[in-house]
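Q: Please take a close look at one part of this model, the sheet and what surrounds it. Which strands pair, and how does the rest of the fold relate to them?

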Amino acid sequence: MTIPHGPQPGERFTGHGPEWRDANLSPQDARTATAWVELKIDKRSMLTTKQHVEDVRDIMWQLERDGEIVVHRVTDAHEPMIAKTLYGWDKKVPTRRLWHHKSCGQCGNIPGYPTSLLWLMNRLDIEYIDETDQTSCTAWNYHGSGIGNIESLAAVFLRNFHQAYVAGKAQGLPDGYYFPLVHCGTSFGNYKEVRSYLLHSATLREKVRKILAKLGRLVDGKLLIPEEVVHYSEWVHMMRERIKTLQEIDCSGIRATIHPACHVYKMVPQDAIYDDTVMDGNRVAVSTGLMQTLGAQVMDYSTWYDCCGFGFRHIISEREFTRSFAIDRKIRVALDEAQADVMIGHDTGCITTLDKNQWIGKAGGKPVDLPVLADCQFAALVCGAHPYKIVQSHWHASSTETLMEKLGIDWQAKKAEFVGYLDEVKAGRPDNLYDPRRRITSGPGYIPIATRP
């Protein structure tokens with residue numbers, strides 16, 4: 001256990017780095033010092049005892065009545081399903097006509113993450129658009145470096161969600177036809193915080209309104225605010241019974257541990273989905289509910305509440321802290337306590353950290369090996385998706401082959417198929433995951449997608 005010794009003269013306290021020192025506690029004292037956490041974290045009390053908890057949608061509706069903003073609603077056409085959040089409030093989760101807000105980290109580090117999600121939607125005949133006119137949320141810059149500012153974050157948030165609102169125009173569809181679905185947990189948490197700041201601060205709204213006006217991103221001269229900010233894992237959770245109808249592989253012999261992402265359920269926790277049928281309602285429902293529905297054995301472990309170690313600032317300036325935390329506080333515990341076959345997550349940074357840092361254990365003479373996948377990747381895998389072409393397990397640093405063997409998948413044969421597919425790509429005969437016209441949202445070259453019979 002380490003504790004901060006406090007800033008020394010001329011030293012700036014940063015919350016990480018040399019200002020931390022070893023507490024030199026005995027194993028028994030260390031156990032006592034942290035026991036109170038374990039008494040609390042299995043219950044909602046860690047999140048529900050917060051003061052000044054409010055549903056910002058109440059402010060949103062009032063601002064719309066006052067003529068200050070326009071709300072992008074989840075309509076019946078989006079076929080929403082109603083989820084219960086931490087405090088029992090209703091949250092509308094749209095299930096179709098979705099605008100994919102992709103993740104820079106997923107597309108760059110874990111490409112099988114978004115392709116697995118899109119593959120599932122294809123199988124379920126979900127109408128969506130894979131937007132080309134989208135930017136990064138820039139939250140990593142804000143949390144990791146501290147050089148961002150709230151005005152820029154708010155402007156990016158409103159700009160991207162405005163594009164979702166108008167994306168159907170190129171197809172001759174009305175405004176609001178598509179509703180945004182956020183892939184990244186970092187973007188998800190950031191956007192919810194920024195939405196709250198905007199709704200609370202008239203000064204911030206006015207500053208950002210000027211920026212959005214220059215970009216042509218206002219609606220009738222007003223800021224556009226989404227009724228809900230929805231994460232892909234929430235869509236997967238609400239659709240889990242339908243996803244199960246696609247299942248081809250029995251996963252009842254798989255021992256799965258869940259890593260819930262801080263940005264998904266600790267940031268603006270009142271918006272996170274809880275379900276009394278999932279861990280008695282004491283854990284965030286996403287991912288766990290899916291794995292239970294698919295029939296996997298969801299195993300508990302003592303450090304489930306801990307961060308993956310990524311921490312934004314840590315991964316930049318204290319990388320060895322990130323690596324040791326991910327291995328010793330998460331992966332090793334899941335292996336030792338739960339004898340896990342896989343760790344399942346739902347956020348870009350978490351999957352990257354837990355998967356791609358396992359080499360450090362081997363380098364330190366204490367090897368660990370635990371496959372790490374996103375919930376939608378695991379779902380696609382057991383629903384028959386190709387483990388390399390769609391799930392793209394070859395991008396993972398942990399040995400997903402061991403998991404595939406336990407699922408009865410001949411990964412060597414699948415890998416040979418994939419190598420053959422790559423030869424087809426090299427020869428100029430690529431395969432598309434979906435109609436490529438879904439990637440084009442504007443411009444004179446747009447060709448409308450043919451209406452399905």
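A: In this predicted model, strand β10 (residues 255-258) and strand β12 (residues 342-345) run parallel and are joined by 3 bridges. Within this pairing, I258 has I344 of β12 as its bridge partner. Both strands belong to an open sheet of 4 strands, whose order is β11-β10-β12-β13 and whose pairing is parallel. At the edges stand β11 (297-298) and β13 (372-374), each of which pairs on one side only. Helix α18 (residues 375-382) packs on the sheet, where it touches β12 and β13. The direction of α18 makes about 90 degrees with that of β13.

Turning to the nonpolar interior, the largest core has 114 residues. The residues with the most contacts inside this core are L120, L198, W235, I243, F378 and L407. Of these, F378 falls within the residue range of α18, the helix that packs on the sheet. Helix α7 (residues 150-166) gives the most to the core, contributing 7 residues. Leaving aside residues up to four places away in sequence, W235 touches V93, P94, T95, L98, L117, M121, L124, I126 and L181. Another core, of 6 residues, lies apart from the largest one and includes W99, A164, A167 and Y177.

Further along the chain, helix α20 (residues 411-426) comprises 16 residues. From its first C-alpha to its last, α20 reaches 22 Å, close to the 22 Å expected at 1.5 Å a residue. Just after α20, G428 takes a positive phi of about 85 degrees.

Definitions and conventions. Residues are numbered from 1 along each chain as its sequence is written. This is a predicted model: local features need pLDDT of at least 70, side-chain atom pairs count only at pLDDT 80 or more; totals for chains, interfaces and linings use all residues. Side-chain values use heavy atoms; hydrogens and water are left out. A nonpolar core is a set of buried Ala, Val, Leu, Ile, Met, Phe, Trp, Tyr and Cys residues joined through side-chain atoms within 4.5 Å. Buried means under 20% relative accessible area, exposed over 50%, partly exposed in between (1.4 Å probe, protein chains only). Helices (H or I, at least four residues) and strands (E, at least two) are DSSP runs, numbered from the N terminus. Contact means heavy atoms within 4.5 Å. Two strands pair if DSSP finds at least two bridges between them. Axes are lines fitted to C-alpha atoms, for helices over the stretch in contact, and angles run from 0 to 180 degrees between N-to-C directions. The expected span of a helix is 1.5 Å times one less than its number of residues.
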